[in-house]
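Student: I should like to take a close look at the enclosed spaces inside this protein. Please describe them with care, and then continue to the parts of the chain that are hidden or partly open.

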Amino acid sequence: MLRTDLIRPLPELLSEHARVRPDVIAFADDHRADDYATLARNTAALAGNLQRLGLEPGDRVLLYLDNSVETVEAYLGVPRADGIAVCVNPASAPPEVAHVLADSGARFVITDAAHADTARSLVDDDVQLFVGTEALLEPTDEAPRDSKELDDPAWMLYTSGTTGRPKGVHLTQRGCLWVVAACFAPVLGVGPGEVLLSPLPLFHSYALVLCVLAVAATGASERILPRFSVDAVLHHLREPGPEGPVTIFPGVPTMFQYLLDRAGGAELGIRVAMSAGAIMPAALNTQFEATFGVPLLDGYGITETSTMVTMNWPTGTRVMGSCGLPLPGLTVRLVDPATLHDVLPGEEGELWVQGPNVTPGYHDLPDATAAVLVDGWYRTGDLGRRDEHGYLRISGRTKELIIRGGENVYPAEVEDALLASDEVADAAVVGTPHAGLGEVPVGFVVPRDPASFDAEKVLAGCRERLSSFKVPAELLVTDDIPRTGSGKILRFRLQQRLTGESS
């Protein structure tokens with residue numbers, strides 16, 4: 001059932017919860033907790049102070065923050081000023097943060113003490129920098145505009161494209177709240193009385209829509225973890241905080257594998273778990289449920305669709321290894337990329353999506369937007385198969401994406417970092433299977449001087465330029481990088497070298 005009552009401007013929803021359940025904890029972390037009255041008050045203050053300091057409608061505000069309650073307040077408060085919250089991975093290397101700051105044109109940056117020095121080194125006199133949100137939460141006579149329309153961009157999340165250059169994806173209240181109304185509320189059961197324990201990084205769309213917007217829209221509660229660890233998860237499951245006993249645990253497949261490996265005999269005590277962000281192996285799903293006695297629901301989604309496209313339901317038939325059925329009200333097609341004709345059940349095709357959750361486009365990239373939004377359809381670039389009952393399995397990617405433990409790694413971005421080394425003459429990156437992380441990037445490099453080649457020096461350079469999850473797990477020295485006549489890398493031949501297959 002589509003919960004259309006949830007597809008309303010966020011200020012309305014926050015005001016309603018502040019009136020109906022003012023003392024219920026909305027969000028808590030290890031340092032502070034906001035009940036719904038406080039959440040409404042703090043997001044209004046943050047918006048009003050940004051307006052007082054010169055934020056104009058449509059201005060971007062860069063959030064360079066670790067997981068915390070103040071991150072949630074900024075996510076919700078910036079749109080109340082009619083601004084756009086721009087989210088960056090706090091583990092990004094400084095050049096990556098610099099690109100997001102410049103590309104977005106953000107005039108305000110909100111960061112925390114852990115990232116203050118880096119932020120100060122990147123901003124100029126045209127950007128207002130706030131370390132912490134204390135000053136922005138001070139009482140002010142400036143009321144929040146609360147004027148953003150449902151179809152106006154409210155958040156901008158950066159995702160890499162096939163060239164490896166990060167692109168800003170516009171997300172709207174309607175698109176994100178539609179996913180809440182079609183998936184997280186009716187399927188997962190997020191709502192009053194439910195408590196999420198979230199280790200998900202809040203700069204991801206999965207966490208934004210489920211762990212911020214679904215909680216705030218439905219009146220649920222959440223304990224925010226700074227990061228995932230088995231010990232922290234088990235601690236909060238055994239010793240609930242003021243938000244109450246945990247009922248829902250969202251994660252990515254790697255997290256559930258670690259829980260199995262480290263806590264196979266533990267009692268989780270939750271009602272349901274959910275996985276997204278990477279393909280869930282059927283064996284892992286089955287083993288987790290058998291070990292813990294908890295449904296683990298898998299789904300598929302991407303940033304450009306405000307997360308979810310398909311989802312397994314807790315009731316009815318489930319097909320292990322599939323990512324479920326399309327959300328009610330969402331239209332999907334599997335299309336032969338060569339003929340652009342729909343494929344038959346069981347045949348592989350590119351997944352196309354049409355619905356209110358699809359992004360209006362990329363920031364300042366009309367050509368890139370036009371390439372993926374065609375006649376009202378979003379072309380995901382992901383390949384899949386659908387059985388006769390409509391259950392979808394993602395089988396591969398037309399894009400050259402590597403998913404490492406739920407994190408997206410694009411080969412071209414890693415190749416740029418490898419080629420920045422004076423040790424490397426040529427380079428290419430492919431993914432290889434990994435038991436714990438799903439897959440990891442492996443770099444093939446042609447040394448400038450094979451006799452003196454220093455792989456550790458090259459990897460150290462990558463660590464300076466890239467987030468840790470993008471750094472190759474291994475460098476393999478080769479005499480050449482196979483390419484087409486036009487210079488494109490023949491990655492399948494490199495994959496054959498990894499597997500020992502003949503080309």
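Tutor: The account below begins with the cavities and then turns to individual residues and one helix. Please keep in mind throughout that this is a predicted model.

Let us start with the empty space. Rolling a probe the size of a water molecule over the atoms shows where empty space is left. In this structure the count comes to three cavities of 30 Å³ or more. The largest cavity holds about 50 Å³ of space, and the second largest holds about 40 Å³.

Which residues line the largest cavity? They are Leu10, Pro11, Leu76, Pro79, Arg80, Asp146, Ser147, Lys148 and Gln173. Two helices, H1 (10-20) and H3 (69-80), each supply at least two residues of this lining. Helix H3 gives the largest share, three residues. By character, the lining of the largest cavity divides into four nonpolar, two polar and three charged residues.

The second largest cavity has a lining made up of Thr310, Pro326, Val332, Arg333, Leu334, Leu351, Arg386, Gly390 and Leu392. Here the largest share, three residues, comes from a strand, S16 (residues 331-335). Five residues of the lining of this second largest cavity are nonpolar, two are polar and two are charged.

From the cavities we may pass to a helix. How many of the eleven residues of helix H9 (residues 253-263) are buried? Eight of them are, so H9 is largely enclosed by the rest of the structure. The buried residues of H9 are Pro253, Thr254, Met255, Phe256, Gln257, Leu259, Leu260 and Ala263. The cover over these buried residues includes two helices, H8 (230-238) and H10 (282-292), together with the strands S11 (248-251), S12 (272-275) and S13 (296-302).

Two residues in other helices deserve individual attention. Ser104 belongs to helix H4 (residues 94-104). Is Ser104 buried or exposed? Ser104 counts as buried because its relative accessible area is 0%, where the cut-off for burial is under 20%. The side chain of Ser104 reaches the backbone nitrogen of Ala106 at 3.3 Å. If neighbours within four places in sequence are left aside, Ser104 is in contact with Arg60, Val86, Met156, Tyr158 and His363.

Thr218 lies in helix H7 (residues 205-218). A relative accessible area of 6% makes Thr218 buried. Its side chain reaches a backbone atom, the oxygen of Ala214, at 2.7 Å. Not counting residues up to four places away in sequence, Thr218 touches Leu6, His17, Val180, Ala185, Val190, Gly191 and Pro192.

The cysteines form a separate topic. A search of the whole structure finds zero disulfides. Why is Cys87 not bonded to Cys176? The cysteine sulfur closest to that of Cys87 is in Cys176, and the two are 10 Å apart, which is too far for a bond. A disulfide requires the sulfur atoms to be within 2.5 Å. Seen from the other side, the sulfur of Cys176 has its closest cysteine sulfur in Cys87, again at 10 Å and too far for a bond. Cys87 is buried, at 4% relative accessibility, and Cys176 is also buried, with a relative accessible area of 0%.

Finally, consider two residues found in loops. Leu53 sits in the loop between helix H2 (36-52) and strand S3 (60-64). With 28% relative accessibility, Leu53 counts as partly exposed, because that class lies between the limits of 20% and 50%. Leaving aside neighbours within four places in sequence, Leu53 is in contact with Phe108, Gln128, Phe130 and Leu136. Along the chain, Leu53 and Phe130 are 77 residues apart, and their C-alpha atoms are separated by 12 Å.

Pro356 is placed in the loop between strand S17 (349-354) and helix H11 (366-372). Pro356 is partly exposed, with a relative accessible area of 33%. Pro356 touches Arg174, Gly175 and Trp178, when residues up to four places away in sequence are not counted. The C-alpha atoms of Pro356 and Ala47 are separated by 27 Å, and these residues stand 309 places apart along the chain.

Definitions and conventions: Residues are numbered from 1 along each chain as its sequence is written. This is a predicted model: local features need pLDDT of at least 70, side-chain atom pairs count only at pLDDT 80 or more; totals for chains, interfaces and linings use all residues. Side-chain values use heavy atoms; hydrogens and water are left out. On a 1 Å grid over the protein atoms alone, a cavity is a set of points where a 1.4 Å probe fits but cannot get out, and a pocket is an open set with protein on both sides within 12 Å along at least five of seven lines; lining residues have an atom within 4 Å of a point. Grid points are joined across faces, edges and corners, and a volume is the space filled by probe spheres set on the points. Helices (H or I, at least four residues) and strands (E, at least two) are DSSP runs, numbered from the N terminus. Ala, Val, Leu, Ile, Met, Phe, Trp, Tyr, Cys and Pro count as nonpolar, Asp, Glu, Lys and Arg as charged, and the others, Gly among them, as polar. Buried means under 20% relative accessible area, exposed over 50%, partly exposed in between (1.4 Å probe, protein chains only). A polar contact is a pair of N or O atoms within 3.5 Å; within protein, one must be able to donate a hydrogen and the other to accept it, and residues adjacent in sequence count only if both atoms are side-chain atoms. Contact means heavy atoms within 4.5 Å.
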